[in-house]
Amino acid sequence: NLGEAFAKAAEYQAIIGTVLRTRVKLRGQRAVVLLEPHPGAPELSRHCAESAFSAMVAMMRTLPGRDIRPREVRFAAESPAGPLEEYERVFRCPVAFGAGENSVALDISTGRIPVLEAKPELLSFLEKQAAAILETLEKRGPLSDKVRYILAAHLPARKYSVAFVARQNGMSSRLLQKNLAAEGTDFSEVLRET
């Protein structure tokens with residue numbers, strides 16, 4: 001069901017990226033999915049939150065083959081110029097900006113909706129692969145994540161040289177490379193992943 005799909009997505013979220021994290025909070029009869037940056041990661045842009053939520057809602061509609069409508073979508077960013085009709089058309093619910101959080105509110109019953117074409121044998125196969133990937137990621141240390149956050153924040157400005165990132169970390173390029181090697185990676189790999 002969709003609740004189990006959400007749980008799996010949360011369990012394997014580190015495979016997708018280390019900048020964003022989702023949490024679910026119960027508020028009355030609603031499950032509220034919160035989208036937040038990881039500690040130390042750059043703040044979420046409006047476009048990042050919009051993209052993540054529109055993809056999540058599209059997947060929630062695709063998996064069960066039903067027109068699922070959130071109760072409300074809230075964005076921390078200030079409202080874009082112009083009317084919000086397009087947002088309400090995409091999400092099919094009220095949308096608020098300047099709300100202090102990035103969240104999607106759903107009825108708790110949404111988690112019980114069955115997923116079409118669930119394939120337990122495929123899930124088992126993919127879980128083994130995901131566990132191996134997570135094991136590799138867990139071997140990496142905090143410097144890799146810090147470098148990834150710096151890169152994510154500065155990629156649009158094309159500031160992604162070893163020297164720039166090393167300065168941001170208060171170390172030399174050589175020391176940055178050495179410390180990344182101790183974590184089992186190197187700068188070019190972290191840049192490629194980012």
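Helices here are DSSP runs of H or I with at least four residues, and strands are runs of E with at least two, both numbered from the N terminus. The exercises below use a predicted model.

**Exercise 1. Determine how many helices and strands the chain has, and the pattern they follow along the sequence.**

Step 1. Counting the runs gives nine helices and five strands.

Step 2. Reading along the sequence, the order is α-α-β-β-α-β-α-β-β-α-α-α-α-α.

Step 3. One of the helices, α3, covers residues 46-62.

**Exercise 2. Describe the chain as a whole: its box, its buried share, its exposed area and its contacts.**

Step 1. Along the principal axes, the C-alpha atoms fill a box of roughly 55 × 50 × 25 Å.

Step 2. The chain has 194 residues, and 31% of them count as buried.

Step 3. The exposed area of the chain is about 11600 Å², with 56% supplied by carbon and sulfur atoms.

Step 4. Among contacts with a separation of 6 or more, 59% join residues 24 or more positions apart.

**Exercise 3. Find how far apart the mean positions of the positive and negative charges are.**

Step 1. Lys and Arg are taken as positive, Asp and Glu as negative. The chain then has 27 positive and 23 negative charges.

Step 2. The mean positions of these two sets lie 3 Å apart.

**Exercise 4. Work out how many disulfides the structure holds, and classify C48 and C93 as buried, partly exposed or exposed.**

Step 1. A disulfide needs two cysteine sulfur atoms within 2.5 Å.

Step 2. The structure holds zero disulfides. For C48, the nearest cysteine sulfur belongs to C93 and is 19 Å away. Starting from C93, the nearest cysteine sulfur is that of C48, again at 19 Å.

Step 3. Buried means under 20% relative accessible area, and exposed means over 50%. C48 has a relative accessibility of 27%, so C48 counts as partly exposed. C93 has 8%, so C93 counts as buried.

**Exercise 5. Place E50 in the fold, decide whether E50 is buried or exposed, and list its contacts.**

Step 1. E50 sits in helix α3.

Step 2. The relative accessibility of E50 is 13%, and therefore E50 counts as buried.

Step 3. The E50 side chain makes a polar contact of 2.6 Å with the side chain of R46.

Step 4. Once neighbours within four places in sequence are set aside, E50 is in contact with F75, Y87, F91 and F97.

How values were computed: Residues numbered from 1 in each chain as written. Predicted model: local features only at pLDDT ≥ 70, side-chain atom pairs only at ≥ 80, totals over all residues. Heavy atoms only, no water. Buried < 20%, exposed > 50% of the residue type's maximum accessible area, 1.4 Å probe, protein only. Polar contact = N/O pair within 3.5 Å; in protein donor to acceptor, adjacent residues only side chain to side chain. Contact = heavy atoms within 4.5 Å. Areas by Shrake-Rupley, 256 points an atom, 1.4 Å probe, with all protein chains shown as cover. Charge placed at Lys NZ, Arg CZ, Asp CG, Glu CD.
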